[in-house]
Amino acid sequence: MAKGLLMTYALWAVGGPAGLHHLYLGRDSHALLWMLTLGGGGLGWLWEFWLLPSFVAQANRAQEQRQGSGRGTPPLSLIRFVAQMIVGMYFGLVALISLSFMASFYIVGLPLAVGLGVLLVAAIGNQTSDLKNTLGAAFLTSPIFYGRPIAILPISLAASLTAQKHRRYKPSAGSETLSVRLYRLGLAYLAFTGPLVFSALCNTAVTLSYVADTLGYFLSWFSFFPLLGRLLESVLLLPFRAWKLLVGDHGISSSYFQEWEKLYEFVHSFRDEKRQLALQVFGLSERATNEEIHGRFRELVKTWHPDHNRHQMEEAQRRFLEIQAAYEVLRQPRKPRGSWRWEETSL
């Protein structure tokens, strides 16, 4: 049955961020992506306004394209590659927040989440990629950065490059009923949101800590790249700027700005508290230099190494892990608290 452009626009307007128009056009992967990201943060949904005619045309000739899909390779797409990177990192961040308590998270959970995010974007439209090779690249990259949240970036890069290398057109397939498609989408949606909801409801304090720690880690890491850091902060402040552009100054924008300020303040206060605790473990003051931190770390490691404390092995192991965790906190660069802020007059 041919798809109508008017119906597509109507579904786009009514339930676009939830992917209703993509579900109507048979683009289930795109629909799932919109369900999990609320239309790409709203920006992807708005951008699609001009693309809907091409989506409808592609859906109406999909069977012809798929019958000839084995004759060539889809062209390279920079937009698809960037989207694979972003969604892979997004899936990794969600997994880091909700599943990092798993013992084998950095070996199994993280590369699997990032790889599935990349594959979801790779399967949008009439294209797809190789599942085994893409996940294989993610799993092979993960041990290199074991235990570091920043591993999300290289894993996503490796998986995205592999997915682009093995891109192909989707093979021809018989049509499925709407109930089967909804069932499959529902399972995928629950698999993504279930662990996050469980973590947020049953372990709220730990979930907030993971969110703050992860966001703070990335903000600190981007301090090495000022332009990228500035871009990231602009993205986080984008909803406030869009609201101000739409409604102007009516005494509302300042309160919205304060909500984003609270987010940053929470992240910084949480990381400051962790730094204070780490300094207490090392017995150092806030003014301690990097040389003093490194020197104190070597002393404590030598003192509390389990091999040197076989008479109190359990206590030594606890202190040894505590010292290593404190050192990981102290070795991260500190970003000036006021460097992120934008003056409201400049917005």
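Student: What does Leu 33 touch, leaving out residues up to four places away in sequence?

Tutor: In this predicted model, Leu 33 touches Val 87, Leu 120, Val 121 and Ile 124 once those sequence neighbours are left out. A contact here takes heavy atoms within 4.5 Å.

Student: What makes Leu 33 stand out in the largest nonpolar core?

Tutor: That core has 20 residues, and Leu 33 is listed with Leu 36, Phe 91 and Leu 120 as having the most contacts inside it. Two or more residues each come from helix 3 (28-41), helix 5 (52-60), helix 7 (78-99), helix 8 (105-122) and helix 11 (178-202). Helix 3 supplies the largest share, 5 residues.

Student: How do you know where this core lies relative to domain 1 (1-63) and domain 2 (74-222)?

Tutor: Look at who contributes: domain 1 and domain 2 both give residues to the core, so it sits between them. Another core, of 16 residues, lies apart from it, and Phe 282, Phe 297, Leu 300 and Tyr 327 are among its residues.

Student: Why is Val 108 called partly exposed?

Tutor: Just check the number against the cut-offs. Buried means under 20% relative accessible area and exposed means over 50%, with partly exposed in between. Val 108 comes in at 36%, so partly exposed it is.

Student: Which nonpolar surface patch is Val 108 part of, and what makes it up?

Tutor: Val 108 joins Ile 107, Leu 112, Leu 116, Leu 131, Phe 139 and Tyr 146 in a patch of about 580 Å². Patch members need over 30% relative accessible area, and Val 108 has 36%. Val 108 belongs to helix 8, the element that gives the most to the patch, with 4 residues. Helix 8 and helix 9 (131-141) are the elements that give two or more residues.

Student: Is Leu 38 buried or exposed, and how do you know?

Tutor: Exposed: the bar is over 50%, and Leu 38 has a relative accessible area of 59%, so Leu 38 clears it. Leu 38 is in helix 3.

Student: What makes the phi of Leu 38 worth a look?

Tutor: The sign. Phi of Leu 38 is near 55°, a positive value in a residue that isn't glycine. Most non-glycine residues have a negative phi.

Student: How many helices and strands are there, and how much of the protein is buried?

Tutor: You get 17 helices and 2 strands, and buried residues make up 40% of the 347 residues. The accessible surface comes to about 19800 Å², with 65% of that belonging to carbon and sulfur atoms.

Conventions
Residues numbered from 1 in each chain as written. Predicted model: local features only at pLDDT ≥ 70, side-chain atom pairs only at ≥ 80, totals over all residues. Heavy atoms only, no water. Core = buried A, V, L, I, M, F, W, Y, C linked by side-chain atoms within 4.5 Å. Buried < 20%, exposed > 50% of the residue type's maximum accessible area, 1.4 Å probe, protein only. Domains from an automatic or database assignment. Patch = residues over 30% accessible without salt bridge, like charges linked within 9 Å, V, L, I, M, F, W, Y side chains within 5 Å. Areas by Shrake-Rupley, 256 points an atom, 1.4 Å probe, with all protein chains shown as cover. Salt bridge = Lys/Arg side-chain N within 4 Å of Asp/Glu carboxyl O.
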